[in-house]
Amino acid sequence: MGLNNNTLNKEQTQKRILLATALSFAFFIAYDFLYLQPKQALVDQANKQNAITLEQKTSTDSNNITSNQPPKLKSATTTAKTAPNSTVASSAIASTIETANNTIIIDNLGRISQVILKEKQYIDKEGKRIELFTKEQLKPLEVRFASTEINNEAFKTNISVSSNKLDATKQIQTLTITQKLTDTTLTKVLKFYPDGHYDIKVSTTNGAKFFITPGYRPNVLADMYADHGALLVLNDGTLNIIEDEDMDKPVELIGVNVAAAFDRYYTTTLYNFKKSMAVSVMMDSTKSPNIFIHADTDIQLSGYMGPKEHKALAALDPRLTNIIEYGWFTFIAKPMFLMLQFIHDYVGNWGWTIVFVTILIKLILFPLSHKGMVSMNRLKELAPKVKAIQEKYKDDKQKASMHMMELYKKEGANPMGGCLPVLLQIPVFFSIYRVLLNSIELKGAEWILWIHDLAEMDPYFVLPILMGATMFLQQKITPNTMTDPMQQKMFQFLPVVFTFFFLWFPAGLTLYWFINNLFTIGQQYYVNTIFEKAKIERHEKHLEQKKSHKKK
């Protein structure tokens, strides 16, 4: 009896899962647009007060760090809190370094106060070159001493530099930064490369222990989307990701090779693949992560500040591409991006690359989607018979279940056949969503006519409207076996919901969805035509049999 009851419920289960799948897409997009992005706007406003709040906190408890054991978290916590307010002097420029890809500005405390990107695609909405940092936030290469006294003095003492201006556009240039304090001398030796990355060696005299930071994540408001925080790559390749507002307590890790603060498109990173690091991640006033690397009395690192461009990071070290992270479906998204990159190398245009990859994905998933469409059409054909059985045995569900099971078995139909193929495709859809949303390669990339930046919204809303129209048409020609009026209304309203959200989504993502809809419509039309033709043939065959029977 249980089997019969399950069979009776299969069709309703399929309808519920299909509806839930469609609604999950809508919720996923709505959550990103209505919650994550506005939340990030509030975080960015709070960050303007972050450095002042963080640095004005005082503490009298400062433990020393011994050289023969990993630094204690308490020392990092104390050091992070005892830095005095340093934002007042941050505008003074000590040295400017020009590389082929960026301009790096060192302030009078020996920190990187600003990085300005030079490549033509990296411009903000006002047409200005993108600057990665704001004045108030924690700066890359800021040093915090374990001693409160030394720390206080350091934030009041200007540094001296070996050169006020360096040209590293064509060859490697070296800058030496010296800060002479009462009890120690801090020395930073930086080697800048034409591609914009650098090596750094930091040391102190008299055994003064310190910490160094890659700084707070880039704060590019022009590209404000979800995914901001800290990412640590351990020497076994595992990732530890702490997103903004996700911290509930400090984190201490050893065996770290990469310490990166990141936003949607950009990162500031310190790394060492020869010798692992000990790292403390501290909460700021918005529960966002600040990274401090334990240095003892000296440390050697490499650094990168700029776009999370796959080729640029891979050129420095393939392991740095772990900074590009796509969420739950990264294991699918990474190969998908590499496929996009491979095709782009031949096509030369990211818009057409998205079109070709969308078609390729549709071809790969064709057997699954075809099976689902065939099953839905078959169920639609059987719908009148199923309804007749339900009406006939409306007072006896067990008999209704038994007759429906016999009908499905006789006709070779599976009530779950249209649902499973859709569920199996969900990881692919979410993966391409994340790839197109987070790929810096689309920044400033043109497609055709009015689309001048695939990473920005369509300025005339043409693609979102086309996407919504094709979604509506797809819905119209797709067999619908739903009998619940409420479910039908919810499905009919989905194209409007999706169109609304996609108005502000990146044009590259909307282009993918539009092309996907077009080919789904074509495939559905093909399946519908086959079923209609088969239906006509069966009808003609039935008429011939009827005439033959009359002659006899």
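**Notes on the predicted model**

1. A good place to start is Leu232, whose bridge partner in strand 13 is Ala259. Please keep in mind throughout that this is a predicted model. Strand 13 covers residues 251–262, and it runs antiparallel to strand 11, with six bridges joining the two.

2. Leu232 has a partner on another strand as well: Asn240 of strand 12 stands opposite this residue. Strand 12, residues 239–243, is again antiparallel to strand 11, here with five bridges. Strand 11 itself spans residues 229–234 and is mostly covered, six of its six residues being buried. As a reminder for anyone viewing these strands, side chains in a regular strand alternate between the two faces of the sheet.

3. The turn joining strand 11 to strand 12 deserves a glance too. Four residues lie between the strands of this hairpin, and Gly237 adopts a positive phi near 90 degrees there.

4. Now for the chain as a whole. The protein chain has 12 helices and 17 strands. Of its 552 residues, 53% are buried. Among contacts with a separation of 6 or more, 68% join residues that are 24 or more positions apart. The exposed area of the chain is about 26,200 Å², of which carbon and sulfur atoms supply 58%.

5. What about the interior? The largest nonpolar core holds 104 residues, and those touching the most other members are Leu132, Phe145, Tyr198, Tyr266, Ile293 and Leu454. Taking Leu132 as a case, and setting aside residues up to four places away in sequence, its contacts include Gln114, Val115, Leu117, Pro218, Asn219, Val220 and Tyr266, along with Met305 and Gly306. Another core, of nine residues, lies apart from the largest one; Val386, Ile389, Ala400 and Tyr408 are among its members.

6. Aromatic pairs are easy to look for in the viewer, and a search of the whole structure finds 14 of them. One is formed by Phe342 and Tyr346: the ring centres are 5.2 Å apart and the planes meet at 65 degrees, so this pair is edge-to-face. Both residues belong to helix 5 (residues 330–347), and because they are four residues apart, about one helical turn separates them. Phe342 and Tyr346 are both exposed.

7. Tyr512 and Trp513 make a useful companion to that pair. Their ring centres lie 6.5 Å apart with the planes at 85 degrees, so they too count as edge-to-face. Here, though, Tyr512 and Trp513 are both buried. They also belong to a cluster linked by ring pairs, together with Tyr433, Phe498, Phe502 and Phe505.

8. A charged side chain also meets an aromatic ring in this model. Arg319 lies over the face of Phe273, 4.0 Å from the ring centre.

9. Finally, is Lys362 buried or exposed? Its relative accessibility is 10%, and because buried means under 20%, Lys362 counts as buried. This lysine sits in helix 6, residues 350–364. Outside its neighbours within four places in sequence, Lys362 is in contact with Asn516, Phe519, Thr520 and Gln523. Of these, Asn516 is 154 residues from Lys362 in sequence, while the C-alpha atoms of the two are 7.3 Å apart.

Notes:
Residues numbered from 1 in each chain as written. Predicted model: local features only at pLDDT ≥ 70, side-chain atom pairs only at ≥ 80, totals over all residues. Heavy atoms only, no water. Buried < 20%, exposed > 50% of the residue type's maximum accessible area, 1.4 Å probe, protein only. Pairing = 2+ DSSP bridges. Phe/Tyr/Trp six-rings, centres within 6.5 Å; stacked < 30°, edge-to-face > 60°. Lys NZ or Arg CZ within 6 Å of the ring centre and 35° of its normal. Core = buried A, V, L, I, M, F, W, Y, C linked by side-chain atoms within 4.5 Å. Contact = heavy atoms within 4.5 Å. Areas by Shrake-Rupley, 256 points an atom, 1.4 Å probe, with all protein chains shown as cover.
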